[in-house]
Each structure stands twice: as C-alpha cells, then as structure tokens.
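Q: Please take a close look at one part of this protein, and explain in a connected way how that part sits against its surroundings.

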Amino acid sequence: MVIVTKPSGQNIVANFKKEKVMKKVFTVALLCACLVGCNGSGSSGGDIDKIIAAKARVRSMVNYPDTLSFHNMSTSVSGNTVTLKFTAKNAFGVPETHVMDIEVN
C-alpha cells in the first residue's frame with residue numbers, strides 16, 4: 001500500500017522562503033569570494049607599463065610587425081626584466097615562436 005500526502009500550503013510557502021533566502025546567501029557569499037580574490041593579486045600598474053614598453057621594443061625588432069602575436073598568458077615581470085612569448089614571421093615569411101627577456105626601466 002502506498003500513501004501519498006500532499007504538502008500543506010504552509011510547507012510550500014516555507015520551502016519557497018528557504019529557497020529565496022538560500023539564493024541570497026549564495027549570492028552574497030559569491031560576491032565576497034570575488035572581492036577577496038580580487039584584492040590586487042594581478043599585475044600592478046608599474047608591471048603593465050613595463051609590459052607595454054617591452055612589447056613596443058619587440059614590435060620594432062621583428063621583420064613583419066603586422067604578423068606579431070603575443071602569448072599573453074606566458075608574460076611575466078621580474079624586477080625590470082619582462083619575459084615575453086610571441087610568434088611572428090621570420091625573414092622567409094615562416095611563423096616562429098620566440099621567448100625573449102627584455103630589460104626595461
């Protein structure tokens with residue numbers, strides 16, 4: 001024998017309120033996690049200026065600057081040295097990937 005019961009109206013309202021509160025708590029927790037995670041762990045303004053200067057120097061050194069493509073996820077800054085990974089066509093027009101350390105001030 002199977003007994004089927006219907007929830008009362010009060011239980012439906014209580015469940016709805018719990019879901020609504022849980023969504024708000026989750027949203028606030030997610031917002032807090034984003035704010036805590038984004039407190040300056042990225043590049044500083046000085047690092048960004050160094051990267052821009054290094055990219056400009058690389059652009060002036062390659063044979064075909066219009067084919068230049070930087071691998072931004074491989075870019076790093078250590079003191080005044082910027083390490084860039086990039087792909088550009090060589091003198092024969094063949095794309096080559098290079099990793100270069102560039103000293104900037």
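A: Contact here means that heavy atoms lie within 4.5 Å, and it is in this sense that packing is described below for α2, in a model that is predicted. The protein has 2 helices and 4 strands, which run α-α-β-β-β-β from the N terminus on, and α2 spans residues 45-61. With its 17 residues, α2 reaches 25 Å from its first C-alpha to its last, close to the 24 Å expected at 1.5 Å a residue.

Four residues of α2, namely Lys50, Ile51, Ala54 and Val58, are buried, and because they cover an arc of only 100° around the axis, they lie on the same side of α2. Asp49, Ile52 and Ser60, by contrast, are exposed on the other side of the helix. The buried residues of α2 pack against β1 (69-70), β2 (76-78), β3 and β4 (95-103).

The largest nonpolar core, 12 residues in all, includes Ile51, Ala54 and Val58, and both α2 and β3 (81-89) supply at least two of its residues. The largest share, 4 residues, comes from β3. Leu68, which also belongs to this core, touches Val58 and Arg59 as well as Val62, Phe86, Thr87 and Ala88, when residues up to four places away in sequence are not counted.

As for the setting of this helix, buried residues make up 15% of the 105 residues in the protein, and residues 24 or more positions apart account for 36% of the contacts with a separation of 6 or more.

Key
Residues are numbered from 1 along each chain as its sequence is written. This is a predicted model: local features need pLDDT of at least 70, side-chain atom pairs count only at pLDDT 80 or more; totals for chains, interfaces and linings use all residues. Side-chain values use heavy atoms; hydrogens and water are left out. Buried means under 20% relative accessible area, exposed over 50%, partly exposed in between (1.4 Å probe, protein chains only). A nonpolar core is a set of buried Ala, Val, Leu, Ile, Met, Phe, Trp, Tyr and Cys residues joined through side-chain atoms within 4.5 Å. The expected span of a helix is 1.5 Å times one less than its number of residues. The arc is that of the directions from the helix axis to the C-beta atoms.
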